[in-house]
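I opened this model to look at the ligand site, the empty spaces and the backbone. My notes follow in the order I ended up checking things.

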Amino acid sequence: MMRLSKDQKDAFAGDGAIVAENAVSADQLKRLRFEFSRWVDESRSQTAAYGQICDGRPRFDLESDHSAERPSLRRVASPTDISETCAEVAFNSAMTDMAAELLGPDVRFHHAKINSKLPRTTTVVKWHQDFPFDPHSNDDTLTALLFLDDVTLENGPLMIAPGTHKGAIHSHYQGGVFTGAVSPEISAEFEADAVACTGPAGAVCLMHSRVAHASTANDSEAPRTLFIVTYAAADAAPLSPIAVPSPHAGRIVRGKEPGKIRSMGFEIETPAIPKGASFFVQQAGEDDGQD
Ligand SMILES: O=C(O)CCC(=O)C(=O)O
């Protein structure tokens, strides 16, 4: 059964991003929301990034405005490694089918994370492309951002600059440091064209990895939580270590091992793995990316 219409596939090819509804079942959505609410409750007793992913860096990352009364858990890295529900949704759900319809038939899981903006929290994502964080031998890679809450214009939605996947691969370095963001001048250009990706809980934004995107703070009483999974065509070979590693990285989630690598020509700067808990520290200029 096909999950995406021809119009949706054409819109993905043209704009580089679409929002598709019903990317998970009602039961999967309920279980994902429950899982995340448990982690938010656990975070109330923490004052700094905590937990551990497989390379020893923290799994749970807190925003500077975090407190027990008003938690601001902004990132859970590789939740697939500690949650069967997250693993099920990333590896075998309607969302996985959709990724396969855009990249397939043979598709790999690359990495997963949760990005959250709890009510009235200050987390901002600066303009960037995902491909310079996770370069592959070809650019048939996408980021699936699953909405665990209704995403509206008020709660800090993802903003994309349509069509930018067909343009330049931009530098994410400033002053010799990998900042994970494009320059202020380029950001202003993207901002002028920005389109918000909104939709009901259970919808997914499927975004080409070269599309420029950003998001603003959540100035509302409604949470905005995204379960984010990066998928790659199975013949796209990763060109750099994965910043959000997992023992599941590289597993085939649809189709089969292709037994070949496909490459396209481009130049790209080498990304840096954050020393801290997530790319938020790189974007805030608090991490020089050098070990
Ligand atoms: O959380 C968001 O609004 C954007 C997420 C994103 O761009 C990322 O994690 O790369």
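**Entry 1: the shell around the ligand.** I am working from a predicted model. I sorted the residues around the ligand by class first and got five nonpolar, four polar and four charged. There are 13 residues around the ligand, and I noted Asn115, His128, His213, Ser215 and Arg224 as the ones that come nearest.

Next I asked which strands each supply at least two residues of this shell. I wrote down strand E4 (107-117), strand E5 (125-128), strand E12 (213-215) and strand E13 (224-233). E13 gives the most, with three residues.

**Entry 2: polar contacts to the ligand.** I then went through distances to oxygen atoms of the ligand. For Arg224, a polar side-chain atom lies 2.7 Å from a ligand oxygen. For Asn115, an N or O atom of the side chain is 2.9 Å from an oxygen atom of the ligand. For His213, a polar side-chain atom is 3.0 Å from a ligand oxygen. I also looked up how much of the ligand is covered: taken alone it exposes 290 Å², and the protein buries 97% of that.

**Entry 3: the cavity.** How many cavities of 30 Å³ or more does the structure hold? I found one. The largest cavity has a volume of about 360 Å³. I counted 29 residues in its lining, and those closest to the centre are Arg75, Lys113, His128, Asp130 and Phe279.

I listed the elements that give two or more residues to the cavity lining: strand E3 (73-77), E4, E5, strand E6 (141-147), E12 and E13. The largest share again belongs to E13, with four residues. By class, I have the cavity lining as 15 nonpolar, eight polar and six charged residues.

I wanted to know where the ligand sits relative to this space, and the space taken by the ligand is the largest cavity. His128 therefore appears twice in my notes, as one of the residues that come nearest to the ligand and as one of those closest to the cavity centre.**Entry 4: the largest pocket.** I checked the open spaces next. About 180 Å³ of space lies in the largest pocket. I recorded its lining as Glu63, Ser64, Arg74, Thr122, Thr123, Val124, Lys126, Phe280, Gln283, Ala284 and Glu286. By class, I sorted this pocket lining into three nonpolar, four polar and four charged residues.

**Entry 5: backbone geometry.** I finished with two local points in the backbone. Which two residues does a cis peptide bond join? I found Gly104 and Pro105, with omega about 15°. I placed Pro105 in the loop between helix H4 (94-103) and E4.

The other point is Asn22, which has a positive phi of about 55° although it is not a glycine. I located Asn22 in the loop between strand E1 (17-20) and helix H2 (26-43).

How values were computed:
Residues are numbered from 1 along each chain as its sequence is written. This is a predicted model: local features need pLDDT of at least 70, side-chain atom pairs count only at pLDDT 80 or more; totals for chains, interfaces and linings use all residues. Side-chain values use heavy atoms; hydrogens and water are left out. A residue is near a molecule or strand if one of its heavy atoms lies within 4 Å of it. A polar contact is a pair of N or O atoms within 3.5 Å; within protein, one must be able to donate a hydrogen and the other to accept it, and residues adjacent in sequence count only if both atoms are side-chain atoms. Accessible areas come from the Shrake-Rupley method with a 1.4 Å probe; for residues, only the protein chains shown count as cover. On a 1 Å grid over the protein atoms alone, a cavity is a set of points where a 1.4 Å probe fits but cannot get out, and a pocket is an open set with protein on both sides within 12 Å along at least five of seven lines; lining residues have an atom within 4 Å of a point. A molecule sits in a cavity or pocket if more than half of its atoms lie within 2 Å of its grid points. Ala, Val, Leu, Ile, Met, Phe, Trp, Tyr, Cys and Pro count as nonpolar, Asp, Glu, Lys and Arg as charged, and the others, Gly among them, as polar. Grid points are joined across faces, edges and corners, and a volume is the space filled by probe spheres set on the points.
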